[in-house]
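Got the chain open in your viewer? Here is an informal tour to read alongside it.

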Amino acid sequence: MRFRSVATVAGVLVGLTVSLLPAAGAQTADGHRRVVTVAHRGASAYAPENTLAAVDAAADLGFAWVENDVQRTKDGELVILHDTSLARTTDVEQVFPDRAPWSVADFTLDEIEKLDAGSWFGPKFSGERIPTLEDYMETVEDNDQNLLLEIKAPELYPGIERQILKELREDGWLDRHHVKHRLIVQSFSADSVKKVHSLRPDVKTGFLGTPAVAELPKYAAFADQINPQYKSIDARYVASVHKVKGPHGRPLEVFTWTVDDAANAVKAAANGVNGIISNKPDVVRDALEKTARR
């Protein structure tokens, strides 16, 4: 069990009061529409992405929602990493120089745990490791945070959807409270999202992409969210998504990515999105709060 400072826990609780996942179009008490801000790969502008340090950085900033990426090792263990290669965010080329292209799927967990996943970002993160999904979930739980979990490149890892759900269940994340308030599973693969929905219809799911408006009812059979890149949408598209009801009978939501500046955060919110995913969630929060005060 990892323990956080009182100040950090308090910050997360503050974040929870403003960042619980709303229904589409939900409003705050003063009439402003609530937009969820999600820390992308943790607060990845301030700590190495997809590490426990990045989760803690998001907590320190007061953010209740974090996003991550899940893949599988050669020996079948679930780990948190964005790229399908270990090269960009670890020292794998120095530790295992003859193993190009250094694919996650070609390394055992024991080998991956030998890698430094923090020094590339900055010397103070030297020795940071790639976490397992189990360790990651423990940190998220200890911080009282919520998770937007991305299944990364599921075509490389047959059966990973069932395995992820099994791990989430064993970690206590598939009880009614977590499923209703604290968990979303997303992927760029429609087939993967469909699989999650078929295995656990109660789990909230998101499709990463910008389907044509005419195709939205097809996605609404298995996805509660349509989560597009922010440059690919406008207010008309977001409104079209909201007109369609998802598998749980509620309007589809839109969480857009990856917004790191104030101007585009304000624009995305004005377009009607329900959530904004950001490497700099504090920049997004500050911009939206400033706009709301006007």
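What follows is a walk through the fold, its paired strands, its cavity and a few unusual backbone spots.

## The overall picture

First things first: this is a predicted model. The protein chain carries 12 helices and 9 strands. It has 294 residues, and 54% of them count as buried.

How much of the contact network links residues 24 or more positions apart? Among contacts in the chain with a separation of 6 or more, such pairs make up 62%. As for the outside, the accessible surface comes to about 12700 Å², and carbon and sulfur atoms hold 53% of that.

## Strand 4, covered on both faces

A good place to start looking is strand 4, which spans residues 146-151. Since 6 of its 6 residues are buried, strand 4 is largely enclosed by the rest of the structure. In a regular strand, side chains alternate between the two faces of the sheet. Here, one side of strand 4 has Asn146, Leu148 and Glu150, the other has Leu147, Leu149 and Ile151, and all of these are buried. If you're colouring by residue type, note that Asn146 and Glu150 sit on the side that Leu148 is on.

Which strands does strand 4 pair with? One partner is strand 2 (residues 65-72), which runs parallel to strand 4 and is joined to it by 6 bridges. To find your bearings there, look for Asn68, which stands opposite Leu149 of strand 4. Another partner is strand 5 (residues 183-187), also in the parallel sense, over 4 bridges. In that pairing, Leu148 has Ile184 of strand 5 as its bridge partner.

## On to strand 5

Is strand 5 mostly covered or mostly open? Mostly covered: 5 of its 5 residues are buried. Leu183, Val185 and Ser187 take one side, Ile184 and Gln186 take the other, and both faces are covered.

Besides strand 4, strand 5 pairs with strand 6 (residues 204-208), again parallel, with 4 bridges. The landmark for this pairing is Val185, which stands opposite Thr205 in strand 6.

## One small cavity

Rolling a probe the size of a water molecule over the atoms shows where empty space is left. In this model, that search turns up 1 cavity of 30 Å³ or more. The largest cavity holds about 30 Å³ of space.

Which residues line the largest cavity? They are Glu49, Asn50, Thr51, Ile80, Leu81, Thr89, Thr90, Ala117 and Ile130. By type, the lining divides into 4 nonpolar, 4 polar and 1 charged residue.

## Positive phi in a loop

Most residues other than glycine have a negative phi, and most peptide bonds are trans. This model has some exceptions to show you, starting with phi. Asn50, one of the residues in the cavity lining, has a positive phi near 60°. Asn50 sits in the loop between strand 1 and helix 2. With a relative accessible area of 1%, Asn50 is buried.

Arg41 belongs to that loop too, between strand 1 (36-39) and helix 2 (52-60). Its phi is positive, at about 55°, although Arg41 is not a glycine. Is Arg41 buried or exposed? Its relative accessibility is 14%, so Arg41 counts as buried, given that the cut-off is under 20%.

## Two cis peptide bonds

Now for the peptide bonds. Ala100 and Pro101 are joined by a cis bond, with omega at about 10°. Pro101 lies in the loop that runs between helix 3 (92-95) and helix 4 (109-112).

Trp257 and Thr258 are also joined by a cis peptide bond, and here omega is about -25°. Note that the second residue of this pair is a threonine, Thr258. You'll find Thr258 in the loop between strand 8 (255-256) and helix 11 (262-270).

## A long-range pair

One last stop is Gly62, in the loop between helix 2 and strand 2. Gly62 counts as buried, at 9% relative accessibility.

How far apart are Gly62 and Pro281 in sequence and in space? In sequence they are separated by 219 residues, while C-alpha to C-alpha they are 9.6 Å apart.

How values were computed. Residues are numbered from 1 along each chain as its sequence is written. This is a predicted model: local features need pLDDT of at least 70, side-chain atom pairs count only at pLDDT 80 or more; totals for chains, interfaces and linings use all residues. Side-chain values use heavy atoms; hydrogens and water are left out. Helices (H or I, at least four residues) and strands (E, at least two) are DSSP runs, numbered from the N terminus. Buried means under 20% relative accessible area, exposed over 50%, partly exposed in between (1.4 Å probe, protein chains only). Contact means heavy atoms within 4.5 Å. Accessible areas come from the Shrake-Rupley method with a 1.4 Å probe; for residues, only the protein chains shown count as cover. Two strands pair if DSSP finds at least two bridges between them. On a 1 Å grid over the protein atoms alone, a cavity is a set of points where a 1.4 Å probe fits but cannot get out, and a pocket is an open set with protein on both sides within 12 Å along at least five of seven lines; lining residues have an atom within 4 Å of a point. Grid points are joined across faces, edges and corners, and a volume is the space filled by probe spheres set on the points. Ala, Val, Leu, Ile, Met, Phe, Trp, Tyr, Cys and Pro count as nonpolar, Asp, Glu, Lys and Arg as charged, and the others, Gly among them, as polar.
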